[in-house]
Amino acid sequence: MGLFKDSNLVTDPLTDTNPVTIQVLGICSALAITAELEASIVMAIAVLFVLGAGNVVISLMRNIIPSKIRIIVQLIVVAALVIIVDLVLKAFAYQLSKTLSVFVGLIITNCIIMGRFEAFALANKPWRSFLDGIGNALGYGVILVIVGFFRELLGSGTLLGFKVLGDPIEKTGAYAYGYENNGFMLLAPMALITLGIIIWVQRSKNEALIEEN
Amino acid sequence: MEKRTDKNSYTILFAIGMVFIVGSILAFAASALKPNIDENKRLEKQQNILYAMGVNENEPGSVAMISADKVAAEFSKYIVKQLVIQGKEVKVDGKAYLIDIKKEQAAAKDASYVRKLPLFLGKKEGTIFYIVPIRGKGLWDAIWAYVSMDENMVVQGIFMDHKGETPGLGANINKRFFMDDFIGENMLDASNQFKGIAVSKGNADPTNIDKNDNEVDAIAGATITGDGVAAMIRSELKVYSSYFIHLKNN
């Protein structure tokens, strides 16, 4: 046991306390960057690092942070972490930093990060906070990947850039039978609808999640 | 009893201390890593210039720059001349590629300032490429490009990049499917006047067969980034057009 007694901190956010579908946090980035599966995966990994590390830092500082200015302290910690990582990547892994730099602003303003700092890391020890960070980032990542999968497949007919449904201009594969890409899938409103369908499916499977009126 | 961390004096001291510590760490990291970052940016410029004239390691569908350890040698091999155009004056300057376009654009807002325009002449297999760096605005932040053209302002290659366009949408301007559409497009219209290249939606030529229509197919969902690309080409390449006209007449 020991290390594993807190495993529910990692597994719960994947399903019953999912930050996106249950707590409805992190919606802004879930809508903005899920037009392609690749961007979804990169964002999920980036948030995993930042939330894991950020939760530990905040947890270590939990007894010295003045409650009146705690939000701004949290914001400074996450912004500083992200900027340092960005600088180090720019100096030593320039190509990678170019891929990630567009996500930097979206990570700092991701409300899941602030939400977990505020709700969990401020009241728990570092190891538990680390697990909570990893769990929530994975829960976020799973939803991002699901939304990204459907948006890229139905919007562009590709997955990770590969033309899985044939070529829409040459009319091969599925397009030969009159199938068309739904360009609306590439726009943010369809991400919201996709997300809504995920929430619907999840709640109809687990009725305990439905709120009483 | 009031907690120690709830006191105003503690809060203020904490805030001052935090700003001081985090500020120092960030300043230290930024200045310690600056030489590395600057060197990476300098090599990237050379890579991008070479990419535009077709010196790259592309495979179908991918964008692959020539590797960083080879780029200095290749740059001096293929780039035969670097020019700076300032008003009517044209000077040779081996460091023209280091001119900061952003600073020049800002300085040129003052009407008395004559902007320095860098231009690189590349030579590959006997063909001369004229490579021009341009810079403009996308939806969220800066976008820029290196355009290589022949003496008639027909695009031979282009490399485009951005600072913070939306991933999956506007960020795709640096992908092959978008950049390669520009190759062969003419910057001039039928009467040889500068027109630029528009990024247009719903154009009747999605496979881009017509190279004289002054337009390429836009990316769905990235209207403002696409408009930014078109505006950048129109305004930034226009300032070079008199040089090309002069080139033709001699």
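Read along its sequence, chain A follows the pattern α-α-α-α-α-α-α-α, and its secondary structure accordingly comes to 8 helices and 0 strands. I should say straight away that what we are looking at is a predicted model, and that chain A averages a pLDDT of 86, with 98% of the residues scoring at least 70. Among the elements of this chain, helix H5 of chain A, residues 94-108, has the lowest mean pLDDT, at 78, while H7(A) has the highest, at 92. As a general caution, where pLDDT is low, the predicted coordinates should not be read in detail.

Let me stay with chain A as a whole for a moment. Its C-alpha atoms fill a box of roughly 65 × 50 × 35 Å, taken along the principal axes, and of its 213 residues, 36% are buried. If we take the contacts in chain A between residues at least 6 apart in sequence, we find that 76% of them join residues at least 24 apart.

Now to helix H7 of chain A, which covers residues 126-156 and has 31 residues. From its first C-alpha to its last, H7(A) reaches 43 Å, which is close to the 45 Å expected at 1.5 Å a residue. Just after H7(A) comes A:Gly157, which takes a positive phi of about 70°.

Next, please look at the loop between helix H1 (8-11) and helix H2 (27-32) of chain A, where A:Leu14 has its place. Which residues does A:Leu14 contact, once we leave aside its neighbours within four places in sequence? They are A:Gly135, A:Leu138, A:Gly139 and A:Val142. Is A:Leu14 then buried, exposed or partly exposed? A:Leu14 is partly exposed, because 16 other C-beta atoms lie within 10 Å, whereas a residue needs 20 or more to be buried and 12 or fewer to be exposed. For a sense of distance, A:Leu14 and A:Asn124 are 110 residues apart along the chain, and their C-alpha atoms are separated by 20 Å.

The loop between H1 and H2 of chain A also holds A:Val24, whose phi is near 50°, a positive value in a residue other than glycine. A:Val24 is partly exposed too, since it has 13 other C-beta atoms within 10 Å.

Let us turn to chain B, beginning with its strands. Strand E1 (residues 79-86) and strand E2 (residues 89-92) of chain B run antiparallel and are joined by 4 bridges, and in this pairing B:Leu83 stands opposite B:Val92 in E2(B). E1(B) and E2(B) form a hairpin with 2 residues between them, and B:Gly87 in the turn has a positive phi of about 65°. E1(B) also pairs with E3(B), again in the antiparallel sense, over 7 bridges, and here B:Gln86 stands opposite B:Lys116 in E3(B).

Further along chain B, in the loop between strand E3 (116-124) and strand E4 (127-137), we find B:Glu125. This residue has a positive phi of about 50° although it is not a glycine, and B:Glu125 counts as exposed because it has 5 C-beta neighbours inside 10 Å.

That leaves the core and the contact between the chains. How many residues does the largest nonpolar core have? It has 92, and those with the most contacts inside it are A:Val47, B:Leu50, B:Ala52, B:Ile131, B:Val147 and B:Ile158. The largest share of this core, 8 residues, comes from helix H3 of chain A, residues 37-60. To take one of the residues just named, B:Leu50 touches B:Val55, B:Asn56, B:Ile66, B:Val71, B:Glu74, B:Phe75 and B:Tyr78, not counting residues up to four places away in sequence.

Finally, where the two chains meet, 28 residues of chain B are in contact with 27 residues of chain A. On the side of chain B that touches chain A, the residues divide into 16 nonpolar, 9 polar and 3 charged.

How values were computed. Residues numbered from 1 in each chain as written. Chains lettered and ligands numbered in written order. Predicted model: local features only at pLDDT ≥ 70, side-chain atom pairs only at ≥ 80, totals over all residues. Pairing = 2+ DSSP bridges. Contact = placed C-beta atoms within 7 Å. Core = buried A, V, L, I, M, F, W, Y, C linked by C-beta atoms within 7 Å. Nonpolar A, V, L, I, M, F, W, Y, C, P; charged D, E, K, R; others polar. Expected span 1.5 Å × (residues − 1). pLDDT = per-residue confidence, 0-100.
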